[in-house]
Each structure stands twice: as structure tokens, then as C-alpha cells.
Amino acid sequence: MFKHALICLALCAFHSTSAVRAADAPAGQPCLRLGADESLGPSYARFEKFFTTLYARAGLCVTSVAMAPKRIEQLLIRGELDGDWFRPSDYAAEFSDRTVALPQPVFGLEARLIWLKKKPFSGKPEDLKGLTVGHQAGFRWLEAHLPQMGAKPFAISSTAHTWELLERGRIDVFATSGIHEIELLGHLPDREGNSQENIGRALWTTVAFFHLLHPKHADKVQKLNDALRDMIINHDSAISLDIPGIQPARLAH
């Protein structure tokens with residue numbers, strides 16, 4: 001009798017869980033899984049909410065999975081993820097044979113330069129030539145564009161070492177995104193002479209970022225693109241992504 005009751009309880013729990021999952025997915029469709037950049041820190045929750053809203057407006061269910069960008073790239077190409085939150089325009093073009101990008105950019109992300117003012121650097125991107133420029137490992141846009149500026153890239157596994165590397169002269173400048181710049185400045189070591197007044201900061205450029213899907217979901221591109229354009233036109237996108245370092249996306253023609 002007791003064993004029978006346990007079986008019934010287990011079956012009830014299974015059907016209850018299945019019902020909840022079915023309710024989460026419109027028309028009984030399973031939720032899509034998106035790779036989400038785990039390094040976004042405090043901004044992560046804002047982006048997660050944004051993509052949940054975007055997919056809901058397109059009549060789709062989605063869940064975001066935090067992991068390193070390199071891991072996202074591998075799993076998406078293998079079809080073990082359904083999409084990637086966002087990648088820069090040149091990445092989307094490079095992998096256009098293995099991924100599908102929404103035509104409408106999601107936002108513009110600022111590429112920023114940081115240095116100690118005691119270093120004679122003008123803050124102009126063209127003056128990066130010959131300098132050793134640190135960047136967080138895995139930031140493909142920086143990895144590709146720093147050599148184009150004549151700079152010597154210096155990959156850093158953890159930005160926790162950035163200030164020490166700048167102070168010791170191991171790197172001349174640090175390049176990062178506008179999102180990560182704010183967090184980095186918040187971890188400026190509390191030492192004499194260390195203040196934001198002694199830190200040089202400059203905008204390098206603003207890069208358009210696109211949402212990517214695995215080709216098996218090409219049929220969903222139009223719905224998602226229409227939903228994204230609607231969010232931008234109605235300023236819902238700007239409100240949701242009101243994050244330092246993020247610029248509102250321009251409507252694609």
C-alpha cells in the first residue's frame with residue numbers, strides 16, 4: 001500500500017512538472033536555449049530579461065544559459081545551443097555559413113580604451129600603434145581589430161590583474177567594452193595615487209551587435225526580427241538596455 005502511494009505521488013509530481021513546462025512553452029513548443037555571456041556581471045540580469053521579453057513577443061519560449069563566449073561558440077555550431085545572445089557584426093559575417101543573424105542589430109556596444117595618465121597616450125585609436133594593449137581573452141572583436149591598429153595584443157585571463165599590469169608597465173593600454181569598463185573602474189585598487197582623476201578613458205568606436213540563431217531555427221528569424229524592430233521603435237529596447245556602454249540600435253533598412 002505504501003509503495004503504491006509512493007508511485008502515485010511520483011506520477012503526480014511528474015505530470016505536474018510537465019504541465020508547468022508545457023505552460024512555459026507556447027503551443028507546446030519546447031523552450032529554446034540561448035548561450036549567455038557569463039562575464040556581463042551586474043548587467044547579466046538586464047540582458048536575460050530583454051531576451052525573454054523579445055522571444056515572448058515573437059510567441060516563443062526561451063531560457064538563457066550562462067557560459068564563456070568560446071563555449072557558446074562551440075555549442076552553437078554543434079547545434080547543442082539554439083542561439084547566442086549577441087555577437088559583433090564582423091563575427092556574424094564570418095560565421096554566416098554556420099549561424100543565422102537577425103538582420104536588425106540589437107544594440108551598439110562601445111569599445112573603450114583605459115590607461116594611466118602618467119603614460120603618454122593620446123587616447124586616439126590611431127596612436128595605439130606599437131603599444132602593448134591588454135584585453136580580456138575571448139573578446140574576438142578586440143583580438144581581430146587591435147592588430148589592425150598596429151597594436152600588440154596582450155590577452156588577460158582575468159581583468160582582476162588589469163590595474164597591476166598597467167601600473168607595472170606590462171601593458172600600456174587596456175581595451176574593453178563599455179559594459180565591462182564600469183565594473184573595472186569599480187575595482188580600482190584603494191592605494192595612494194589611485195583615483196579616477198588619474199585614469200585616462202576614451203571611446204574607440206561603437207560596434208553593432210546581432211542576435212544569432214542556429215540555422216535549424218531560420219524559420220523564426222522573421223518573427224524575432226519583427227519583434228525586435230517593434231521594441232526599438234517603441235523605445236522598449238532603449239529602456240530595457242539602459243546600461244552604460246550600450247547605445248540604442250539604429251533601425252536596419
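Student: What makes Pro 105, Phe 107, Gly 108, Thr 206, Val 207, Ala 208, Gln 247, Pro 248, Ala 249 and Arg 250 the lining of the second largest pocket?

Tutor: Bear in mind that this is a predicted model. Lining residues must have an atom within 4 Å of a pocket point. Pro 105, Phe 107, Gly 108, Thr 206, Val 207, Ala 208, Gln 247, Pro 248, Ala 249 and Arg 250 line the second largest pocket, so each of them meets that cut-off.

Student: Which strands supply at least two residues each of that lining?

Tutor: Strands E5 (107–116), E9 (199–213) and E10 (246–248) do. The largest share, three residues, comes from E9.

Student: Why does Arg 250 count as charged in that lining, and Gly 108 as polar?

Tutor: Arg is on the charged list, and Gly is grouped with the polar residues, so Arg 250 and Gly 108 fall into those classes. The whole lining of the second largest pocket divides into six nonpolar, three polar and one charged.

Student: How much space lies in each of the two pockets?

Tutor: About 150 Å³ lies in the second largest pocket, and about 210 Å³ in the largest pocket.

Student: Which residues lie nearest the centre of the largest pocket?

Tutor: Thr 159, Ala 160, Glu 183, Leu 184 and His 187 do, out of 13 lining residues. The lining divides into four nonpolar, seven polar and two charged. Glu is on the charged list, so Glu 183 counts as charged.

Student: What gives the most to the lining of the largest pocket?

Tutor: H7 does, with four residues. Helix H7 (178–185) and strand E8 (173–177) each supply at least two.

Terms used:
Residues are numbered from 1 along each chain as its sequence is written. This is a predicted model: local features need pLDDT of at least 70, side-chain atom pairs count only at pLDDT 80 or more; totals for chains, interfaces and linings use all residues. Side-chain values use heavy atoms; hydrogens and water are left out. On a 1 Å grid over the protein atoms alone, a cavity is a set of points where a 1.4 Å probe fits but cannot get out, and a pocket is an open set with protein on both sides within 12 Å along at least five of seven lines; lining residues have an atom within 4 Å of a point. Grid points are joined across faces, edges and corners, and a volume is the space filled by probe spheres set on the points.
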